[in-house]
Amino acid sequence: MTLDQLLDYAASNQCSDIHITVGTHLAVRRFGTLQIIEPEPTMDEARGMIYELMTPEQQQLAESGKDLDFARYFQGGKLRIRINIYHQRNNLAASLRLLNEYIPSFSELQLPDVVESFCKLPRGLVLITGPTGSGKTTTLASMIDYINKSRPCHIMTIEDPIEYIHNHKLAMIHQRELGKDVSDYATALRSSLREDPDIILVGEMRDYETISAAITAAETGHLVFSTLHTTSAAQTIDRIIDGCPMEGREQLRIQLATILYGVVSQQLLPLQDGNGRVVATETMVMNPAIGNLIRENKTNQIPSTIQSNAAMGMHTLNSDLKRLLSSGQIDRQTAFNCSNDRDSLQRLLGL
């Protein structure tokens, strides 16, 4: 199998990822499930596929032992792929993520209505969270596209790498890529404050320096979107606080209670019929009660506050799992595998 044939197969079968490893089988991920491809390529064939992904300069870097992370077009510009080249057992390997040129709408993604309301905020911090491969980047791209179509403003994005390409509509959008346009998230964030942005998208809040810079941007009147690898609103807040030095945590709680406007935690779950995936979400919208819980370090009480504020567009992950179960989109085992609190889900389902 050639690289072009592999890409054709993955694209035509709605695969999200491809794995090429020298010395073993090819594999693809379809609707969240990994599938091995037969026959196994020879070592030379697999190495040739990986080298075909790279420029001569990148090949030299890979040969020197460097890991690479980049995105590029294939098949005459029809297919854009995010590529990570790495080494394992003294051989090359590549992980490819197939990227969509088309940016889906909120309704196509089946996102809750509160996501649209977050796009209309004048300032503050909004976080889209979830595990790797849960669609966070696509959700953020859909939010930026919605703003681009509805609001004249200046949007700065800082990404690693750039996945969705945004063209100017009503908004002006500048997209900066780590390693090409800027060295790191924190540096790009500090620089962006001098570049007249209205909205700043930070691909990921990886460390305290980036978190601190994002909070500063939100405090100075900007609308900031970012992501974390957490699966609930309470866990998101705890992760941010825990990343801060002990002596600064009380101040950070006060800041978060002031500038955090919302959290959407999402996971992609396999449909019961096996023909796709559906998003399950938890949504939190800042209100005085949640602000007090953050300030007083009582984040364990956030789930019950979310449950009692459904009128504000809030819901827990378990309540969304119940909805997906009731509509027949997912099965019970999938729901329990996804839940952060299985005992609570069991009570909610009356089991």
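Two strands are said to pair if DSSP finds at least two bridges between them. That criterion serves as the entry point to this structure, which is a predicted model.

The strands β4, β5 and β6 offer a clear place to begin. Strand β4, residues 68–74, runs antiparallel to strand β5, residues 79–88, and seven bridges join the two. Within this pairing, Arg72 stands opposite Ile81 of β5. The two strands form a hairpin with four residues between them, and in this hairpin Gln75 adopts a positive phi near 55 degrees. Strand β5 also pairs with strand β6, residues 91–99, again in the antiparallel sense, over nine bridges. Here His87 faces Leu92 of β6. The hairpin of β5 and β6 has two residues between the strands, and Arg89 in its turn has a positive phi of about 50 degrees.

From these hairpins the reader may turn to strand β1, which spans residues 15–21 and contains Ser16. Ser16 counts as buried because its relative accessibility is 15%, and buried means under 20%. Leaving out residues up to four places away in sequence, Ser16 touches Arg29, Leu96, Arg97, Leu98 and Arg277.

Helix α1 comprises residues 3–12, and its buried residues are Leu3, Leu6, Leu7 and Ala10. These residues cover an arc of only 95 degrees around the axis, so they lie on the same side of α1. The spacing can be understood from helix geometry: an α-helix has 3.6 residues a turn, so residues three or four places apart point the same way. After α1 comes Gln14, with a positive phi near 60 degrees.

Helix α13, residues 317–326, can be read in a similar manner. Its buried residues are Leu317, Asn318, Asp320, Leu321, Leu324 and Leu325. Seen down the axis of α13, they fall within an arc of 160 degrees and therefore line one face of the helix. The elements that cover these buried residues include β12 (260–270), β13 (277–285), α14 (332–338) and α15 (342–348). Gly328 follows α13 and has a positive phi, near 80 degrees.

The nonpolar interior comes next. The largest nonpolar core has 62 residues, and those with the most contacts inside it are Met143, Phe225, Leu256, Leu260, Met284 and Ile302. Helix α8, residues 208–219, gives the most to this core, contributing six residues. Another core lies apart from it; this one has 28 residues, among them Leu3, Ile83, Ile85 and Leu96. Leu260, one of the residues with the most contacts inside the largest core, is in contact with Leu125, Leu127, Ile237, Met284 and Met286, when its neighbours within four places in sequence are left aside.

Two individual positions show what surrounds a buried side chain. Leu189 is found in helix α7, residues 185–192. With a relative accessible area of 1%, Leu189 is buried. Beyond its neighbours within four places in sequence, Leu189 is in contact with Ile158, Ile200, Val202, Thr210, Ala213, Ala214 and Ala217. Asp207 is 18 residues from Leu189 in sequence, and the two are 13 Å apart in space, C-alpha to C-alpha.

Thr227 belongs to strand β11, residues 223–228. Thr227 is likewise buried, with a relative accessible area of 4%. A polar atom of the side chain of Thr227 lies 2.7 Å from the backbone oxygen of Gly203. Not counting residues up to four places away in sequence, Thr227 touches Ile128, Lys136, Leu140, Val202, Gly203, Glu204 and Met205.

The cysteines remain to be considered. A disulfide is a covalent bond between the sulfur atoms of two cysteines. How many disulfides does a search of the whole structure find? The search finds zero. Cys15 is buried, with a relative accessible area of 7%, and Cys244 counts as buried at 3% relative accessibility.

Key: Residues are numbered from 1 along each chain as its sequence is written. This is a predicted model: local features need pLDDT of at least 70, side-chain atom pairs count only at pLDDT 80 or more; totals for chains, interfaces and linings use all residues. Side-chain values use heavy atoms; hydrogens and water are left out. Buried means under 20% relative accessible area, exposed over 50%, partly exposed in between (1.4 Å probe, protein chains only). A polar contact is a pair of N or O atoms within 3.5 Å; within protein, one must be able to donate a hydrogen and the other to accept it, and residues adjacent in sequence count only if both atoms are side-chain atoms. Contact means heavy atoms within 4.5 Å. A nonpolar core is a set of buried Ala, Val, Leu, Ile, Met, Phe, Trp, Tyr and Cys residues joined through side-chain atoms within 4.5 Å. A disulfide is a pair of cysteine sulfur atoms within 2.5 Å. The arc is that of the directions from the helix axis to the C-beta atoms.
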